[in-house]
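I am opening a notebook on this structure and writing down what I looked up, entry by entry.

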Amino acid sequence: MSLRAEAPPTARVRRFGRAQRWVHRLTAALMGVCVVTAACLYLPQLAELVGRRELVVRIHEWAGLALPVPVLAGLVSRAFRADLRFLNRFGPHDRVWLRAALHRDKRTSARPAGKFNAGQKVYAAWISGATLVMLGTGLIMWFTHLTPLMWRTSATFVHDWLALTIGIVLAGHIGMALADPEARRGLRTGSVSREWADREHPLWRP
């Protein structure tokens, strides 16, 4: 009977704690509800299929109103606040990463990144700003008696077109996630392989 040495398990490092993972899950769920209900309101085929427009409107409104809540609740966590600081800081290596991404240079050495790469930082900043604009314009559309007609018309225009843009950006975000199973595993379990961390985020020192 031959004895074979078992391969050592892949070393894993902690990437996200419970707070970060739950903030992401709840925000994704609420954003998903907003996108699906918006599609049911604006696409005639879906509107006819679903029906009950008044109920769909109410679900859309309350999901949009609740969208910032997971992030605000997550501020209780020190680890979540630390991640927000990482996301809000751009350094010289982030400019290098963005140039490489624009030139489609996929070499690891050309894309230096800390815990979050420059693409993730840009996405986080953009989606945060877009969410606040959607919340503001949605409130103007909801409380029609508090604002003049011109405000409501402008808010509707911005809300509708920004919603379309958010849908496209979210599709790209989901596509990137589907292409990186280890990143998804990090959000699901909280840990990633050391090899992935060294390759994708070489400046991160967990």
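How many aromatic pairs does the count come to? I note at the outset that this is a predicted model, and in it the count comes to four aromatic pairs.

I looked up one pair in detail: phenylalanine 157 and tryptophan 161 form a tilted aromatic pair, with 6.5 Å from centre to centre and 50° between the planes. Both residues lie in helix H8, four residues apart, which is about one turn of the helix. I then checked phenylalanine 157 for burial, and because its relative accessibility is 54%, above the cut-off of 50%, phenylalanine 157 counts as exposed. I also recorded one aromatic cluster, formed by Trp62, Trp142 and Phe143.

Next I turned to the nonpolar cores. The largest has eight residues, namely Met31, Leu67, Ile127, Ala130, Met134, Leu162, Ile166 and Leu170, and helix H7 (118-142) and helix H8 (149-178) each supply at least two residues of this core. A second, separate core has five residues, including Val13, Val192, Ala197 and Trp204. For leucine 162 I set aside its neighbours within four places in sequence, and found contacts with Trp126, Ala130, Val133 and Met134.

My last entry concerns the second largest pocket, which holds about 810 Å³ of space. Of the 28 residues that line this pocket, the closest to its centre are Ala38, His60, Met134, His159 and Ala163. Helix H1 (18-42), helix H3 (53-66), H7 and H8 each supply at least two residues of the lining, and by type I noted 19 nonpolar, six polar and three charged residues in the lining.

Notes
Residues are numbered from 1 along each chain as its sequence is written. This is a predicted model: local features need pLDDT of at least 70, side-chain atom pairs count only at pLDDT 80 or more; totals for chains, interfaces and linings use all residues. Side-chain values use heavy atoms; hydrogens and water are left out. A nonpolar core is a set of buried Ala, Val, Leu, Ile, Met, Phe, Trp, Tyr and Cys residues joined through side-chain atoms within 4.5 Å. Buried means under 20% relative accessible area, exposed over 50%, partly exposed in between (1.4 Å probe, protein chains only). Contact means heavy atoms within 4.5 Å. On a 1 Å grid over the protein atoms alone, a cavity is a set of points where a 1.4 Å probe fits but cannot get out, and a pocket is an open set with protein on both sides within 12 Å along at least five of seven lines; lining residues have an atom within 4 Å of a point. Grid points are joined across faces, edges and corners, and a volume is the space filled by probe spheres set on the points. Ala, Val, Leu, Ile, Met, Phe, Trp, Tyr, Cys and Pro count as nonpolar, Asp, Glu, Lys and Arg as charged, and the others, Gly among them, as polar. Rings of Phe, Tyr and Trp (its six-membered ring) pair if their centres lie within 6.5 Å; planes under 30 degrees apart count as stacked, over 60 as edge-to-face and the rest as tilted.
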